[in-house]
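Please read the following briefing alongside the sequence and the coordinates. It is arranged by topic, with a short lead followed by bullet points.

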Amino acid sequence: MLNQHNNNLSWKKEFMAGLIGYFTTVYIVAVNSQILESAGLPLESGMVATILASAVGCLIMAIYANAPMVLIPGMGVNALFAYSIVEGTGMDFQQGLAVVIVAGLLFIVTAFTKLGDWLKVAIPDSLKHAITVGLGLFLTLIGLEKGGLVVRGEYSLITLGNPSSAIVITCLLTLFVGIFLFTRNVPGNFLVTMIVGTVIASFTGVLNEPGSMIKLEEQSWMFMPDFSAATTFTFWMAVFPLAIVLIFENMGLIHGQLNMLNQEGKFKRSYQATAFASILSGFFGTSPTVSSAESAAVIASGGKTGRAALTMGVLFIGTLLFIPWISMVPSTAIAPILIIVGALMVQNIKEIPLQDLSEAMPAFLIIVMIPFTYSIADGMAFGFIAYPIVKFAIGKHRELSTPVVLIAMVFLVEFIMRSLGH
């Protein structure tokens, strides 16, 4: 009887942790679908894709790894998919999904072999952190553009009688609300920010029209990725940075989350579950899912097992019923979230040894070139190419690993071929 009582208490605690995890991450349905729309996917289809990928990812984590982590499309990874892989290379949406699947397969290889541990040691931490900082600045730039605060390098002034002024004012008010809620550590602050931003938009006249209920018989639940570009160099140069980001971002996130739980023994299966989910994302029609940073909220709320992840997976499926209302969320309510997430990612700059120019200079190039070139892949390329050059220049070539040199050579060859028109 006592065991049954303890089991009921455990389920209740895991359910509450899962509920908190859901409400801290459900904002991703509106945010990710708007980013996918930039890649050519209709908004409501993007919502369905985001919901399914998140739900299935959480269920895989629950059943396979028995870990209380939430898997949702990664912020930064979705920008890489939409703006660099699809828009930047000229590939269409289905070809972009093929890139997601191939990158996911490479992710799987690192999850089931010792290659992951080898790469973890071989790639300098300064470059890994620089990628995160660069992604943060890029997300901030996207947020500024979506909120009407910046128009491709120009600051949007508020002028009376200008229709865009309502958008700018709405975004600014929502941003200030979001900053207040986040710094006060209000539970579900991103979700609350999005709701408040939508209410403000209704008063300023920039609210979207509500969507319609999804028709099950007309909805595309799965996508057929197009591998026709797989024979091109461009395709593989899109796969390459996506795989690197997926591998290292998830390594860091999962290690940190399991350390919070004192369950480091679950790393292998959790990492493998995340890799499986990233591949399935390509078939659902979205950028890859990752082990979200919000998993820390689940763990802090008492989540210790897959029961919390199971709860989140079921709740995400239920989100399908709310698509018409989610469709009403305007970009002015999404932009502040992108800006705040960007600020969080930029904090990784403190992990870069700025006093060592052989580490700081390549990292700096990655950080500035990602937003300035509007291409995550190109920004990474500048840093990886510069790294061995700087090390050789100051006589620290013995610190170079073979993978870093190979990656630099691949990026350099891609630059040369692109300049020659291939």
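What follows covers an enclosed helix, a buried tyrosine, two loop residues with positive phi, and the cysteines.

This is a predicted model, in which local features need pLDDT of at least 70 and side-chain atom pairs count only at pLDDT 80 or more, whereas totals for chains, interfaces and linings use all residues. Residues are numbered from 1 along each chain as its sequence is written, and side-chain values use heavy atoms, with hydrogens and water left out.

**Helix H4**

- Helix H4 spans residues 77–86, and because ten of its ten residues are buried, it is largely enclosed by the rest of the structure; helices (H or I, at least four residues) and strands (E, at least two) are DSSP runs, numbered from the N terminus.
- Buried here means under 20% relative accessible area, exposed means over 50%, and partly exposed lies in between, with a 1.4 Å probe and protein chains only.
- The buried residues of H4 include the aromatic pair Phe 81 and Tyr 83, and among the others are Asn 78 and Ser 84.
- Packing against these buried residues of H4 are helix H2 (28–38), helix H5 (93–112), helix H7 (125–146), H10, strand E4 (289–291) and H17.

**Tyr 271 in helix H11**

- Tyr 271 belongs to helix H11 and is buried, with a relative accessible area of 3%.
- Once neighbours within four places in sequence are set aside, Tyr 271 is in contact (heavy atoms within 4.5 Å) with Phe 107, Thr 110, Ala 111, Ile 247, Asn 250, Met 251 and Ile 254.
- For Met 251, one of these partners, the separation from Tyr 271 is 20 residues in sequence and 7.3 Å in space, C-alpha to C-alpha.

**Positive phi in two loops**

- Asn 262, although not a glycine, has a positive phi of about 60 degrees; this residue is found in the loop between helix H10 (233–261) and helix H11 (267–284), and counts as exposed because its relative accessibility is 63%.
- Tyr 374 is likewise not a glycine and has a positive phi of about 60 degrees; Tyr 374 lies in the loop between helix H16 (357–373) and helix H17 (376–393), but counts as buried because its relative accessibility is 16%.

**Cysteines**

- A search of the whole structure finds zero disulfides, a disulfide being a pair of cysteine sulfur atoms within 2.5 Å.
- Cys 58 is buried, with a relative accessible area of 0%, and Cys 171 is also buried, with a relative accessible area of 0%.
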